[in-house]
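Hello,

Here is the structure I promised to pass on to you. Have a look at it first, and my notes follow below.

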Amino acid sequence: MIEKHLPVSVDGLDLFDEIVLAKDMGYLHFEQTIFKYSQYETAGFSKGQLFRYIFQKYPNEEHVVYLDGDTLVFGPFKEIEDALRLHSIVLTPHILNPVTNPAYLSSELALLYTGNFNTGLIALKRSNESLEFLDWFCYRLDHYCYTNPARGLYNEQKWMELVPVFFDKVMNVKHPGYNVANWNLFERNITQKNGTYNVNDHPLRFFHFSGLDFITDTLYLINNETTTHAINILDEYQRLLKHHGHLDLLNIPWSYDYFDNGRMISDQIRTIYKNNHLARSEIINPFSEDRRTFKKYKN
């Protein structure tokens, strides 16, 4: 959890085996690093270190699968388990096939900005190669986890484009039941039989609700059997969100949007810090400062 403290008012925390604050996962300079990042960027920045934390704390675990929080699992990840027997790194792409309908060509164009691999799922096997990957990945996230497509950056995700080149035991799982989402519904035919969902005649493994506000619009553009089943899946997901108090959580401000004195951190201050090497080297914990500290670093 990327907060300064665990929110004591949140119900249902007992559903989790363990909750760890990002700042307690073994970072050397956590506050210095995330001060330059937005909440969205910080979420991506934390993924690499989370793997390091799990491998260190749970030495008997050989396989670790990361899933984004906006997902709903429908079946066992058998294909991921099989892939990890022979590979150290397992990824899933946004789309599986070349777009043939010009109406959906924008899906391919978007991947030139965001990258083809979606980091809503990353699976690693404990190995020398996966540890080398984490060293490489975490260093880049420490410095370049920005949402800045003009610079070729899209949080942690765009870095995945280099993984199959730099590392050998990488598996691209092209199973249509993984990472079903608004960006690939045009190529995923969802059906249901005996209460079980299938995608292109393969079992649905998990649905990814990233871009939640756009899913319904995408479905009505498709307007086929997939639309009916995906809307039912979406309704169930929203029911679960409501049941577990998601709306209440949305009303809790992100604690890292504020200095320790309670004053809000403006985008201008984050930009000053991000773009000024002297500020980043001299200010040990920027959250413990106030706005006046950053004025002298303003160009």
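What radius of gyration would a compact globule of 299 residues have, and what does the protein chain have? Such a globule would come out near 19 Å, and the protein chain has 20 Å, so the two agree. Please keep in mind that this is a predicted model.

Some more on the overall fold. Taken along the principal axes, the box filled by the C-alpha atoms is roughly 60 × 45 × 40 Å. The protein chain is built with 11 helices and 11 strands. Of its 299 residues, 46% are buried. I also looked at contacts between residues at least 6 apart in sequence: 70% of these join residues at least 24 apart.

On to the surface and the charges. About 16400 Å² of the protein chain is exposed, with 52% of that supplied by carbon and sulfur atoms. There are 29 positive and 37 negative side chains, and 6 Å separates the centres of the two sets.

You may well ask about the cysteines. How many disulfides does the count come to? The answer is 0. Cys138 has its closest cysteine sulfur in Cys145, and because the two sulfur atoms are 11 Å apart, they are too far from each other for a bond. A disulfide would need them within 2.5 Å. Turning to burial, Cys138 has a relative accessible area of 5%, so it is buried. Cys145 is buried as well, at 0% relative accessibility.

One residue I looked at in detail is Leu204. Where is it found? Leu204 sits in the loop between β10 (202–203) and β11 (206–208). Is this leucine buried or exposed? With a relative accessibility of 3%, Leu204 counts as buried; the cut-off for that is under 20%. Setting aside neighbours within four places in sequence, Leu204 is in contact with Phe74, Gly75, Gly177, Val180, Tyr197, Asn198, Val199 and Ile233. As for Asp70, which lies 134 residues from Leu204 along the chain, the C-alpha atoms of the two are separated by 16 Å.

If you open the model, Leu204 and its contacts, among them Phe74 and Ile233, would be a nice place to begin. After that, you could turn to Cys138 and Cys145 and see the 11 Å between their sulfur atoms for yourself.

Best wishes, and enjoy looking around

Terms used:
Residues are numbered from 1 along each chain as its sequence is written. This is a predicted model: local features need pLDDT of at least 70, side-chain atom pairs count only at pLDDT 80 or more; totals for chains, interfaces and linings use all residues. Side-chain values use heavy atoms; hydrogens and water are left out. Buried means under 20% relative accessible area, exposed over 50%, partly exposed in between (1.4 Å probe, protein chains only). Helices (H or I, at least four residues) and strands (E, at least two) are DSSP runs, numbered from the N terminus. The radius of gyration is taken over C-alpha atoms; the globule rule is 2.2 Å times the number of residues to the power 0.38. Contact means heavy atoms within 4.5 Å. Accessible areas come from the Shrake-Rupley method with a 1.4 Å probe; for residues, only the protein chains shown count as cover. Lys and Arg count as positive and Asp and Glu as negative; His and the chain ends are not counted. The place of a charge is taken as NZ of Lys, CZ of Arg, CG of Asp or CD of Glu.
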